[in-house]
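User: I keep running into labels for parts of a protein and would like to see the reasoning behind them. Could you walk me through some?

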Amino acid sequence: MRWWRSGAEPVAGGDVVARMADGVGAFDAADWDACAGADNPFVGHAFLSALEESGSATARAGWQPIPIAIDGGDGRPAAILPAYAKSHSRGEYVFDAGWADAWARAGGNYYPKLQIAVPFSPVPGPRLLLRDQHLAAPLIAAAEAVVAQHGLSSAHATFVAPEQVPLFEAAGWLIRTDRQFHWTNQGYGTFNDFLAALASRKRKAIRKERAAAREGLEFVHLTGPEITEAHWNAFWIFYQDTGARKWGTPYLTRRFFSLLSERMGDRVVLMLALRGGAPIAGALNLVGGDTLYGRYWGASEEVPFLHFELCYYQAIDHAIAHGLKHVEAGAQGEHKLARGYEPTPTYSAHHIPNAGFRRAVAGFLEAERAAIAREIDALEEYGPYRKGE
């Protein structure tokens with residue numbers, strides 16, 4: 001559903017005039033990327049425009065793209081928010097359904113809301129895309145102005161890069177914490193070097209899992225022109241199966257994967273498990289400045305521990321081989337802890353104009369932050385790495 005037509009609608013707020021565009025595709029790719037930078041592939045023009053053009057992130061899907069921009073003195077964008085008008089809370093991975101229910105019980109309409117995010121991607125990264133760092137506060141003010149001018153309930157910036165959290169906090173947004181599990185390369189030369197850093201019981205368990213998962217299979221890592229439409233057709237089957245089980249309906253369309261390959265294939269790593277030369281499972285990864293980001297996976301055949309092998313161990317293999325510092329394997333998953341992935345805080349920021357609702361949410365977030373901090377401490381205590389062994 002389209003809530004409004006944005007076009008080049010001006011956004012009044014403070015001393016700076018921002019504009020709300022009708023999608024990422026309305027921007028020149030070079031202009032957008034001059035703000036987004038090159039380190040995080042998810043906020044780049046190629047990824048976000050592929051979501052739009054493939055029909056994955058559209059008004060019809062409940063993700064109406066309305067990026068907010070402030071132009072510099074040269075007439076080009078100097079600051080951009082990747083923003084969406086949301087008619088639901090699906091595909092965000094920061095769960096606010098309870099907030100929506102409370103707002104509805106009070107007689108309000110929680111939707112539409114303003115979402116500053118990368119659709120369907122629980123990946124921390126910049127949400128203020130800044131060619132001019134001085135425009136951070138005006139850009140946040142522009143988001144608040146959109147909420148006020150359109151009568152929205154709230155604005156939410158999810159999976160905010162840690163270094164940008166203080167910018168939202170200074171503007172009075174409420175900060176929410178959660179946790180994911182990330183792997184860090186401590187200068188390992190081989191996978192065995194990584195295993196040597198683990199407690200002996202964990203080393204043995206991982207070796208057994210890898211042996212079971214790899215029996216009778218071949219594994220390949222494909223990138224750029226090595227990935228053909230036949231590979232995407234196979235992966236599409238895997239992705240649909242996982243999407244149907246997790247979400248009911250897969251978020252991404254088949255065309256998205258072709259556009260991804262066409263526009264940023266050199267940053268795609270498609271890992272496939274082959275039996276007799278035919279793919280039976282796959283994991284899609286994107287490469288950032290120093291990080292391998294695991295995104296989607298699926299299989300057409302049940303193989304013990306194959307999920308762990310493709311999504312966690314093969315990712316570590318790739319990161320070590322290519323000198324990458326981190327592997328981020330997606331949201332949730334305490335089972336990652338035993339496989340070398342450590343608990344890492346993630347952050348979101350929330351603008352709630354209604355004073356009473358803001359107080360209620362603030363109280364909830366304070367308690368939640370304390371609980372998350374205790375959970376991270378407990379998880380670190382039970383981590384897999386050697387402790388004086």
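Analyst: Sure, let's start with a charge and a ring: arginine 210 lies over the face of phenylalanine 191, at 4.3 Å from the ring centre. Keep in mind that this is a predicted model, where local features need pLDDT of at least 70, side-chain atom pairs count only at pLDDT 80 or more, and totals for chains, interfaces and linings use all residues. Residues are numbered from 1 along each chain as its sequence is written, and side-chain values use heavy atoms, with hydrogens and water left out.

User: What makes lysine 86 count as lying over the face of tryptophan 63?

Analyst: A charge sits over a ring if NZ of Lys or CZ of Arg is within 6 Å of the ring centre and within 35 degrees of the ring normal. Lysine 86 is at 3.9 Å from the ring centre of tryptophan 63, so the distance passes the 6 Å limit.

User: Why is serine 348 called buried?

Analyst: Buried means under 20% relative accessible area, exposed over 50%, partly exposed in between (1.4 Å probe, protein chains only). Serine 348 has 3%, so buried is the right word.

User: How do you know that tyrosine 111 is partly exposed?

Analyst: Same ruler: its relative accessibility is 26%, so tyrosine 111 counts as partly exposed. Tyrosine 110, at 3%, counts as buried.

User: And why is the pair of tyrosine 110 and tyrosine 111 called edge-to-face?

Analyst: Rings of Phe, Tyr and Trp (its six-membered ring) pair if their centres lie within 6.5 Å; planes under 30 degrees apart count as stacked, over 60 as edge-to-face and the rest as tilted. A search of the whole structure finds 29 aromatic pairs. In this one, the centres of tyrosine 110 and tyrosine 111 are 5.2 Å apart, with 85° between the planes. The angle is over 60, so edge-to-face it is.

User: What makes serine 348 and histidine 350 a polar contact?

Analyst: You need a pair of N or O atoms within 3.5 Å; within protein, one must be able to donate a hydrogen and the other to accept it, and residues adjacent in sequence count only if both atoms are side-chain atoms. The side chains of serine 348 and histidine 350 come to 2.8 Å, so the distance fits within 3.5 Å.

User: Why is helix 2 described as mostly covered?

Analyst: Seven of the nine residues of helix 2 (residues 45-53) are buried. Among them are Phe47, Leu48 and Leu51.

How values were computed: Helices (H or I, at least four residues) and strands (E, at least two) are DSSP runs, numbered from the N terminus.
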